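Good morning, and thank you for making time on the agenda. I would like to take you through one structure, element by element. Please have the sequence and the coordinates open as I speak.

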Amino acid sequence: MKISVKFALHFLLFVTLCITAYSQAVTETTKLSGIKDIVSVTRDARWIPYIEAKSDQDAYFAQGFITASDRLWQMDLLRRVARGETAEIFGKTTLEEDKRWRTFGFAKIAEQSIKYLEPDLRQALDDYARGVNAYIATLDKDTLPIEFRILQYQPREWTSADSIIIGKILADALSSTYSGDLLRESLKDIDPAKYTDLTNKVTPYDVILFGKDVAAKTAINSALQIDKIIGEKSPNGDEIRSFLENDRVLRERSLSRVGLYAEGLAASNNWVISGKRTADGKPILANDPHLMPSAPGIWYLTHLSTPGMRVAGVTFPGVPGIVLGHNEHIAWGATNVGPDVQDLYREQIDVIHGLKARGKDDEDKVVRKRDEIIRVRTSPLKPETEEVIFPVLETDIGPIVINEQGGKWYSLRWTAFDPKNSDFGAFYLLNRVRDWEGFKKALSSYGGATQNFVYADTKGNIGWHVAGKIPVRRKGDGSLPYDAWTNDGDWTGFIPFAELPNLYNPPEGFIMTANQRIVGTDYKHQQLVRDFAAPWRARRLHDLLSKDTKATMDSTSAAQHDVYNIPLKMLADDIVRLKAANDGLLKDISEWNGEMTPDSKAALAVNEIRNCAAEKLSAADKRIPAYLIRERILYRAVRENSALWLPKEFGDYGELLRSCSDGLDASLSQRYGKDREKWVWGAVSTSRFPHPLAVAPLIGGQFATPRVSISGSGQTPNVASAVSMRHIASPGNWDATRFVIPLGQSGDPKSPYYKDQFDLWKDGTPAVFPFSEEAINKAAVKTVKYEPVSTP
C-alpha cells in the first residue's frame with residue numbers, strides 16, 4: 001500500500017497531538033451525587049471518555065452522565081422521534097412524521113418491555129438514566145446545550161424506556177419491509193416475464209455464505225409464485241404507489257434527521273480474516289456501518305472498565321454499554337440482513353355499525369380506537385403548543401397503517417411490536433463474552449433488527465452468526481399481504497436460533513458480509529433474505545480479500561476505502577463495445593479505471609447514463625420503479641440484449657444508451673452549470689452532515705460541517721458520507737485498534753471536538769483507540785476523578 005505525503009502528514013499530526021496531550025495531561029477532582037465510589041474519567045486527544053469504576057452501577061451512571069454532557073440534545077431528539085413528539089419543538093413541519101410514529105405506539109411498547117428485561121440489564125438502564133438526570137440537574141438556562149436555548153424548552157428527565165425506545169428507531173430503519181409487500185401487490189398485473197425478472201434473487205455476482213443456489217428449484221418456485229398471483233387485478237395500483245411514495249418520504253425525512261436512515265435497508269460492510277491470512281498471524285475484524293450522515297453522528301465512542309468488564313467501541317447516545325467494539329477477549333461487528341419481519345393483512349372494517357371487522361370463521365372481531373394527543377408548536381418564535389388529536393385504529397393483529405387503501409384497510413404485524421423482543425439485551429452480554437460459545441448464547445437472546453454478527457477472538461478464531469427473530473408463517477413467506485379473516489398469515493413461531501446461518505473458522509480463512517443475499521436458494525427459510533443489497537459491494541470486497549493472503553490493518557483500511565464500481569465499469573465497457581457515445585466521450589470512458597474519485601469525469605458521465613437508461617426502461621411501464629430497474633435489471637438487460645425490457649422506440653441497447661449519452665451535455669449543464677471542468681464526480685459526491693437546525697435562518701450557520709468532494713458511491717465499499725464509522729481490530733493487539741467517526745464526540749458546534757475527526761475519517765489516517773491502562777495513560781489529556789457526595 002502506497003502512503004501519500006498527505007496521509008503521512010495527517011498521521012504525524014495525530015501522533016504529535018497524542019504526545020503533546022500526554023505531556024500536558026491534567027487531573028481534577030470533583031464531587032458527584034449518585035455514585036457510590038470514586039469514578040475516573042480520562043479523555044484523550046479526540047475527547048473519547050475512558051470510564052473506570054469499581055462497580056458496573058457506577059460505570060453506567062458515569063456513562064449516562066458523560067454521554068449527556070456531550071450529546072444531550074441528540075438524545076432528546078432520538079426519543080422524541082420514536083415517541084412522535086417532534087412537532088412539539090419543530091411545529092407542523094413534522095406533524096405527519098409524528099403521526100406515523102404514533103400509529104406504531106412505541107411509547108407504550110417501550111414501557112411494557114421493561115418488565116421482561118433481565119434484572120442486570122434493567123439495573124444498567126436505571127443507572128444510566130440516573131446519570132443522565134444527574135447531568136441535566138447541573139444545567140441552567142445559560143448552560144443548556146444551544147439547541148434547547150434556540151428552541152426555548154427544557155429537557156425532561158431521562159427514563160429507562162427512553163433508552164429502549166431508541167431501539168425502535170433502529171427497527172424502523174433496518175427492518176421495515178411492508179412497503180415491499182405492497183409494491184409486489186401493485187405489480188400483480190404486469191408482464192409475468194418481467195415480474196419473474198424483478199423477483200429473481202440469483203445473479204452471477206452473488207457472494208453466498210450459507211447453502212447454495214439450486215437452479216431447478218428456484219425456477220419451479222418462481223413459476224408457482226407467478227402462477228398464483230399473476231392475473232389477479234392489482235387493487236388500485238396507482239393509489240398504492242402514491243401511499244408508498246408518501247410513506248417513503250415521511251420515513252426518510254424522520255430517520256435522516258437523527259442519522260438512522262438506511263436506503264433500501266442496505267447498511268454496512270464487515271468481515272473477519274483468520275490469522276492464516278494475515279501478516280502477523282493474528283485475526284483481523286473490520287466493520288463500517290452505512291447510515292444517513294448527520295451532525296452530530298449517530299455513534300459515540302466510549303471505553304468502560306470495572307472489575308468485571310473491560311470493553312470499548314461505539315454506542316448510540318442514550319444507550320448504555322457498547323454496541324459494536326471489543327472487550328479483552330473478543331471483537332464483534334454487525335451488518336443488516338433484511339429479513340421479512342413485517343406482514344400486512346387486509347381488513348374488512350365496518351365503521352357504520354360500530355367499529356368491528358371481519359374475523360376468522362366470518363365472526364366479528366373488535367377494532368380498538370386510541371386517540372393520540374400530539375402537541376404542535378404554533379410559532380417558531382415561542383414554545384407555546386396546541387393539541388392535535390390523532391385517532392389510531394387497532395385490531396388483534398396490530399395497528400391499521402393504511403386506511404381504505406385500494407378499497408381495503410391494512411393492519412400491520414411486526415416483531416418490533418412484541419415487548420418481549422429485547423433490542424439491547426444481547427449487547428449487555430456481548431460486552432462480557434469470552435469465547436464463541438458465549439457469543440452464540442448472547443446472540444440467541446437478540447430481538448432487534450436482524451444482523452450479520454462477525455466475531456474474532458484472541459485465540460485466533462473467527463466466526464459469523466445471523467441473529468434476530470424471524471417469523472415463520474402458516475402459509476406462504478409473507479411476501480404479499482394476507483387476508484386477516486383467514487389463518488394463512490398466522491405466525492406459528494420463529495426460525496430456531498440453531499437454524500440461523502453461521503460459520504466458524506471456515507476453510508476459506510475469511511468471512512465477509514455487505515448486506516448481500518447470504519443464503520442459497522436451498523435454505524429452507526427464504527424469508528431471511530427478503531430485502532438485500534445488490535451484490536456489488538460484496539463482490540468487490542470478496543475479490544479484494546481473496547487476493548490478500550497477508551492482510552494487515554493497512555490493507556484492511558484500504559479495502560474499507562475502496563471505490564471501484566463494478567456495475568458502472570461494466571456499463572462503461574458496454575458503452576464502448578456498442579459505440580454508444582461520441583468519440584470524445586468514448587475516449588474518456590474507455591480510459592476510465594472504474595474508480596469513483598472526485599476528479600473523475602467519466603464516473604459522472606457513466607452514472608448519468610445509467611440513471612437515464614433506467615428511467616427510459618421504467619417509462620415503458622411506469623408501474624415499475626426506476627430504482628428497481630437500475631439495481632436489478634439494467635446490467636443484465638444490456639449484456640443479454642434482452643428484448644423483454646427494451647423500449648419499443650429503440651432498435652437495440654446501443655441506440656438506447658446513445659440517446660442518453662447524446663443528452664448528457666444538456667443534463668449536466670442543467671445540474672452543474674456550463675463549466676465543463678466542474679462536470680466531475682466530486683460535484684455529486686460531497687461530504688454532507690446536516691444538523692436539524694442548520695437550515696434555520698440566521699442561527700443555522702453555526703452548525704456547519706465540512707462540505708468537500710469525497711470519493712465513493714452507493715455501489716462501492718466506500719459509500720462516501722454514509723460511512724457512519726470505521727472499526728478495525730486485531731484481537732490481542734488491542735492498543736492498535738482503529739476507530740473513527742465522521743465528525744466528533746461533541747454535539748456542541750463551538751467545541752473543538754465537534755468535527756475534529758473529519759480528516760481522519762475522510763483520508764483513512766489511522767485513528768488509534770487505546771485499550772490498556774498504560775496506553776490510555778499515555779493518550780490522556782485530562783482526567784476527572786468523581787467522588788461520591790457523602791451523606792450525613
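Let me begin with a convention: helices, written H or I and at least four residues long, and strands, written E and at least two residues long, are DSSP runs numbered from the N terminus. The model is a predicted one.

With that naming in hand, consider Asn 515, which is found in the loop between strand E24 (510–513) and helix H15 (536–547). Its phi is near 65°, a positive value in a residue other than glycine. Is Asn 515 buried or exposed? Asn 515 has a relative accessible area of 1% and is therefore buried, since the cut-off for that class is under 20%.

A second residue belongs beside it on the backbone list. Asn 641 lies in the loop between helix H20 (626–640) and helix H21 (653–662), and phi of Asn 641 is near 50°, again a positive value in a residue other than glycine.

The third backbone item concerns omega. Ala 295 and Pro 296 are joined by a cis peptide bond, with omega at about -5°. Pro 296 sits in the loop between strand E5 (284–288) and E6.

That brings us to the sheet. Eleven strands form an open sheet with mixed pairing, and the order is E1-E27-E2-E3-E6-E7-E8-E9-E18-E19-E23. Its edge strands are E1 (26–32) and E23 (502–504), each of which pairs on one side only. From one strand to the next, the twist averages 15°.

At the E1 edge, the partner is strand E27 (residues 782–788), and the two pair in the parallel sense over seven bridges. Within that pair, Lys 31 stands opposite Glu 787 in E27.

Further along the order, strand E6 (residues 300–306) pairs with E7 in the antiparallel sense, also over seven bridges. A hairpin of two residues joins E6 to E7, and Thr 306 stands opposite Met 309 in E7. On to the next pairing: E7 and strand E8 (residues 324–327) are antiparallel over four bridges, with Val 311 opposite Asn 327 in E8.

Why may we call E7 largely enclosed by the rest of the structure? The reason is that seven of the seven residues of E7 (residues 309–315) are buried.

One helix should be mentioned together with the sheet. Helix H14 (residues 436–443) lies across strand E9 (330–336), strand E18 (451–457), strand E19 (462–467) and E23, and runs at about 10° to E19.

I turn now to the nonpolar interior. The largest nonpolar core has 211 residues, and those with the most contacts inside it are Leu 260, Trp 299, Phe 316 and Phe 439. Helix H2 (residues 56–83) supplies the largest share of this core, 14 residues. Which residues does Leu 260 contact, leaving aside neighbours within four places in sequence? They are Leu 78, Ile 169, Leu 170, Ala 173, Leu 255, Leu 291, Ile 298 and Phe 316.

Next, a helix pair. Helix H6 (residues 119–136) and helix H8 (residues 160–175) pack at an angle of about 110°, and their axes are 8 Å apart. Angles from 65 to 115 degrees count as roughly perpendicular, and H6 and H8 therefore fall in that class. From H6, the residues involved are Leu 125, Asp 126, Tyr 128 and Ala 129, which meet Ser 160, Ser 163 and Ile 164 in H8. By character, the residues of this contact divide into four nonpolar, two polar and one charged.

Ser 163 deserves a closer look. This residue of helix H8 is buried, with a relative accessible area of 1%. Not counting residues up to four places away in sequence, Ser 163 touches Leu 125, Tyr 128, Trp 158, Gly 318, Val 319, Pro 320 and Phe 424.

My last residue is Ala 704, placed in the loop between helix H22 (664–672) and strand E25 (726–729). Ala 704 counts as partly exposed because its relative accessibility is 39%. Residues up to four places away in sequence aside, Ala 704 touches Tyr 754 and Lys 755. Ala 704 and Thr 30 are 674 residues apart in sequence and 34 Å apart in space, C-alpha to C-alpha.

Thank you for your attention; I am glad to take questions.

Conventions
Residues numbered from 1 in each chain as written. Predicted model: local features only at pLDDT ≥ 70, side-chain atom pairs only at ≥ 80, totals over all residues. Heavy atoms only, no water. Axes fitted to C-alpha atoms, helices over the stretch in contact; angles between N-to-C directions. Parallel < 35°, antiparallel > 145°, perpendicular 65-115°, else oblique. Contact = heavy atoms within 4.5 Å. Nonpolar A, V, L, I, M, F, W, Y, C, P; charged D, E, K, R; others polar. Buried < 20%, exposed > 50% of the residue type's maximum accessible area, 1.4 Å probe, protein only. Pairing = 2+ DSSP bridges. Core = buried A, V, L, I, M, F, W, Y, C linked by side-chain atoms within 4.5 Å.
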